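Me: I'd like to go through this structure with you and find out where the labels come from. Here it is.

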There are 2 protein chains.
Amino acid sequence: MIRSVNWLGDCLQLLDQTKLPAKEAYLTTTDYRVVASAITKMQVRGAPAIGVAAAYGIALGAFEFSNVNLAQFRSHMSVVMKTMAATRPTAKNLFTTIERMESIIQKTSDTCLLKQALIEEAIKIHSEEQSATQIISKLGANLFRDGDTILTHCNAGPLATAGYGTAIGALIEAQRQGKNIRVINTETRPLLQGSRLTAWELKVAGIPFKLITDSMAAYFMSKGSIQAIIVGADRIAKNGDVVNKIGTYMLAVLARENNIPFYVAAPLSTFDYDTPSGEFIPIEERNTTEITEIYGTVMTPEGTEVLNPAFDITPTCYITAIISEKGVAWQGKNSI
Amino acid sequence: MIRSVNWLGDCLQLLDQTKLPAKEAYLTTTDYRVVASAITKMQVRGAPAIGVAAAYGIALGAFEFSNVNLAQFRSHMSVVMKTMAATRPTAKNLFTTIERMESIIQKTSDTCLLKQALIEEAIKIHSEEQSATQIISKLGANLFRDGDTILTHCNAGPLATAGYGTAIGALIEAQRQGKNIRVINTETRPLLQGSRLTAWELKVAGIPFKLITDSMAAYFMSKGSIQAIIVGADRIAKNGDVVNKIGTYMLAVLARENNIPFYVAAPLSTFDYDTPSGEFIPIEERNTTEITEIYGTVMTPEGTEVLNPAFDITPTCYITAIISEKGVAWQGKNSI
């Protein structure tokens, strides 16, 4: 299995996703600031993988503290938590992790025990994501039929989940079960997670795939070339609205227009029960050079202004079903 | 005015659109093969500009012929026509030009007069496109209101038309009339006509614009940031189906979903009255490296397969109005 986040007992190893597919390079650190920076720079990315990396990062932050005073420890950990919380605003899993780690800190007053409890909680979060994504992969695989061509967007595989993957986990599991499936995957501008990461994972898994630009998905839907769409999620609101990589909403609308089932696969750590609907979820705006430059080459005239939201909101009415480790929730309004 | 195609009396000058915006480089030639190759390589692109460049190219082909025998001349011209017809399959304007030049050849039997008649016809085609796009720009500008933010896709400006532009012509004219408009333009993968060419034209025209990836258009529609969409066309079938740059169909569906008017602007040379509907229009498949590489840097794992259709088909039911030099044709099914 691809291991994007790997706890080595006293340090954290991250597969640097910005270097793929050209180079399989690892980043090894004991510094929570390096983990936070890796999340911001998207060296580790994908909502569940961010949650897991942040958990280990927070534990590393605790180990760094050498004093025995509980008040000082809590004050130090508050800085660690704030640093982690400021990395990226949209993925719920990051905040699910922070809440869990925070509640560990509140439970115990012995700082030595606390450090141990925090690393144990991080390992537990990681292990739970692995189990959850394994269940999701199996549930998702059941939705595909032999001979299907399935579209996926961005990357929701082992890399993105520190586990088996969600959307791509389901594709890998379907193939493992002997189903003859094919994939069409979008390149996913601006950071090309589809061209770089999904293509790499599908190649490793031996699943036949064809890469397209984001703007081509609708054409292949209208031609009848796509039998199902499956994507991951960065945050799911209480009403079922899904925030995921920019371009997801467009795919969901086109799927409904072309009578193609649109599935979202995500662990419960992605669900935000405190947010009533998608419009309240913060959408990260990223650096403009992600669009104006590719690998340092400037594409645009000088002074070109850019908008760069990293996510969009897909209203629940466009979603056929949401797959979590709890089961498959079919959405009444759009059952096909 | 930006001059993408320029007849210099005895040779043709083309602004090399593959070099923009970094460099304003011109290609000057008397060889029809160079013109054909410039069309294939998209050094000159945009359906109306292709039609104009091909007309001059065919005239250059005639000038190259030094024999006086009519049969040999016609046989030579048949090779010229075939070379030109094989450059790109989708844009109707290329074939409109070939039909017009062919009918000149059939009309006259004196090869000297024929050469003169062919260059006169090419100049006439160019001049007609200039007039047509001027009228289209004015008609299109009337559709926009003060304060509108208008989305456009790919490039349908002076560069693409060898005239005033169609979609972007309307934007430039609206601003000239004193309307306070803003533009959001898609980068248009894979060849980034939006980032490179539309951004350049809008900058030259002084229209405020923001660049987005193709996958972001839907998000800004759903947020209410876009009041109208206008695009050009490569071919329009008899029933009003529009073939245009890949990604157009997706925008039209999303526009209807979000109650945004969707306009197509194109001269009559783009209309294909012999083709009943969009499904019969040939869709060009271009080279896979357009997607796997950017400026020579490979993005994808080795062996990645790609699909690369350059155009898609927007059914007429999604189009609010088609603007040609004959007027604005409102489509009954989608009037907003």
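Reply: Sure! What makes the crossing of α2(B) and α3(B) right-handed rather than left-handed?

Me: The crossing is right-handed, so the near helix is turned clockwise from the far one by less than a right angle; anticlockwise would be left-handed. But what am I looking at?

Reply: A predicted model, where local features need pLDDT of at least 70, side-chain atom pairs count only at pLDDT 80 or more, and totals for chains, interfaces and linings use all residues. Residues are numbered from 1 along each chain, chains are lettered from A and ligands numbered from 1 as written, and side-chain values use heavy atoms, without hydrogens and water.

Me: Why is α2(B) called roughly antiparallel to α3(B)?

Reply: Helix α2 (residues 47–64) and helix α3 (residues 70–85) of chain B pack at about 150°, axes 10 Å apart. Over 145 degrees counts as roughly antiparallel, so α2(B) gets that label against α3(B).

Me: Which residues meet there?

Reply: Among them are B:Ala54 and B:Ile58 in α2(B), and B:Phe73 and B:Val80 in α3(B). The contact (heavy atoms within 4.5 Å) has eight nonpolar, three polar and one charged residue.

Me: Now chain A. What makes β11 and β15 edge strands?

Reply: The open sheet runs β11-β8-β9-β15 in chain A, with mixed pairing. β11 (271–272) and β15 (311–314) each pair on one side only.

Me: How do you know that β8(A) and β11(A) pair?

Reply: Pairing takes at least two DSSP bridges, and two bridges join β8 (residues 235–237) of chain A to β11(A), so they pair, running parallel. A:Ile236 has A:Phe271 as its bridge partner in β11(A).

Technical notes. Axes are lines fitted to C-alpha atoms, for helices over the stretch in contact, and angles run from 0 to 180 degrees between N-to-C directions. Helices (H or I, at least four residues) and strands (E, at least two) are DSSP runs, numbered from the N terminus. Angles under 35 degrees count as roughly parallel, over 145 as roughly antiparallel, 65 to 115 as roughly perpendicular and the rest as oblique. Ala, Val, Leu, Ile, Met, Phe, Trp, Tyr, Cys and Pro count as nonpolar, Asp, Glu, Lys and Arg as charged, and the others, Gly among them, as polar.
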